[in-house]
Amino acid sequence: MIIKTDQNQIQSYLTDAANYKGYCEAVYFPENEEELIEIVKKANSDKKRITVAGNGTGLTGARVPEGGIVIATGKLNRILEINPAGKYAVVQTGVVMSDFKKSVNEKNLFYPPDPTEQNCYIGATVATNASGAKTFKYGPTRNFVNGLHIILPDGEKLVLERGRHFANGYDIKLETVSGKTIKCKLPGYEMPRTKHTAGYYCKRNMDVIDLFIGSEGTLGIITQIKLKLLPKPEEIISAVAFFRNESNALDFISESRELSYRSRKHNTEKNINAMGLEFFDGNSLNFLKQDFPKLPETSAAVWFEQDCRAENKNEILEKWINLLSKHNADLDKSWIAETGKDQKEFHEFRHAISSKVNEYITRNNFRKIGTDTAVPHDKFKEFYYYSKRLVEETGIDYVAYGHFGNSHLHLNMLPKNEAEFETAKKLYGKILKKAVELKGTISAEHGIGKLKRNYLLEMFGEENIRKMAQLKKCIDPDLILGIGNLFEERFFYQ
Ligand SMILES: Cc1cc2nc3c(=O)[nH]c(=O)nc-3n(C[C@H](O)[C@H](O)[C@H](O)COP(=O)(O)OP(=O)(O)OC[C@H]3O[C@@H](n4cnc5c(N)ncnc54)[C@H](O)[C@@H]3O)c2cc1C
């Protein structure tokens, strides 16, 4: 097993895509589960802290260590099985998403969770309950996780299969492979009904596997995952539509959403039923102009996708075109994918906006100030205009885009200097507060990590954060794993 202690060689493990910076003594690269268990047991007996690292594309500082050691999961990277008959796959944690998708595709299968950044590890997407464009139809990563192998902070191994272990009310009992039993209490709070991944998942009588999904490397180290797969869609309709008027684009999304819900309710295959509904405001389009010179001068764009049967494709496409006309889309300039290559390009177009923002932030040496908020659909427009207005009043540059099918806004501020950065932080706080007021969430997909823990406190309140800390302490009594993620350490001692 490789262990690196030379600080020059471990720099990449001391940061992530949000440009949050940390420090540690050493990075360990286990090549199998046994080695990983050995590291965890030793760290536990030495009371040394562990931070688990995926591929560092996280946007919250969650994988950035604040002391202790890092366990890098990149060498646990084997796809163990893809089973077309059973429609499932078994993978090690460090498999890269794009490699996994390619292998699944070759077997004529489909794995819908698709974070815009495909360079992430599958285990980390489970740890963050990642989402993507297709979450609008298929839900987040959670919906596709059917089994987990987890190494607990004391080195004990836990094997969980969906449908086998349930909480009794808010009481859970974990039984490890060696027979150790751990009894804990779930925090018992209500989660928002929007798309949401902030803090521990908690529902009365819930499946215990859901506690570990989205727990951001604080409760255990995932080593192996069983994922549900679907048959590969026969056809995908994919288009980027341009609108001269932003409110037309928002109305188009609202109506597409309603029509999609109706199709799902009535199980119809010939109507509009979007897989993804992604929005870009005019600032985002201007920001991308240099990289995509064929972008027309316009106020907003919507990238939508629908999976369908070949026999229905033309009929559905016609319905989309009628809907676009109804909402005054600029049909002549809009892009409709004719080939798989076009579809890939649209995905790259969507990826470009997120990665260009991250590049800007890193180049200027700021930390990312971008919202990951979702609110109930009927409150979305109010929230969207509130957020934009707030930023526009200060003159700070920004881009607004996101998974609007899920009423999920990424508003990224682009400060030009330290003073603007400080103002942006204040605005960010106000926007998150508004999302909570509207019964939404401060994080719909990126999680909390270290950057957003103060906002998690605002969202859930001291009492619930203390309950989260007690749950964490019950599973990790020596406070070894992922310390600093979700909440501050002081909550362990209150
Ligand atoms: C351009 C860009 C676009 C993005 N778009 C999206 C998007 O659309 N949707 C979305 O959800 N996210 C998105 N992200 C965020 C990021 O890609 C996801 O959070 C992803 O899940 C992180 O994966 P990673 O391998 O880089 O993990 P890291 O950043 O290295 O780690 C993330 C967290 O997972 C934990 N972790 C990693 N492996 C394990 C393990 N084996 N066991 C326990 N905990 C573990 C870490 O401790 C940390 O808490 C985007 C990021 C970028 C840069």
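Start at the ligand: its shell divides into 13 nonpolar, 21 polar and 5 charged residues. Here Ala, Val, Leu, Ile, Met, Phe, Trp, Tyr, Cys and Pro count as nonpolar, Asp, Glu, Lys and Arg as charged, and the others, Gly among them, as polar.

A word on the model before you click on. It is predicted, so local features need pLDDT of at least 70 and side-chain atom pairs pLDDT 80 or more, while totals for chains, interfaces and linings use all residues. Residues are numbered from 1 along each chain as its sequence is written.

**Stop 1: around the ligand.** Select the 39 residues that surround the ligand. A residue is near the ligand if its C-beta atom, placed from the backbone, lies within 6 Å of it. The closest are Gly54, Gly58, Ala62, Ala124 and Gly217. Next, colour S3, H4 (122-127), S12 (221-228) and H10 (340-363), the elements that each give two or more residues to this shell. H4 has the largest share, 4 residues. Helices (H or I, at least four residues) and strands (E, at least two) are DSSP runs, numbered from the N terminus.

**Stop 2: the domains.** Select 2-72 for domain 1, 79-231 for domain 2, 235-437 for domain 3 and 453-493 for domain 4. These bounds come from an automatic or database domain assignment.

**Stop 3: domain 1 against domain 4.** Their centres, taken over C-alpha atoms, are 20 Å apart. Domain 1 puts 9 residues into the contact, and domain 4 puts in 7. Contact requires C-beta atoms, placed from the backbone, within 7 Å. On the domain 1 side, show helix H2 (33-45) and strand S3 (50-53), which each give two or more residues. S3 gives the most, with 3 residues. This side of domain 1 divides into 4 nonpolar, 2 polar and 3 charged residues.

Conventions: Contact = placed C-beta atoms within 7 Å.
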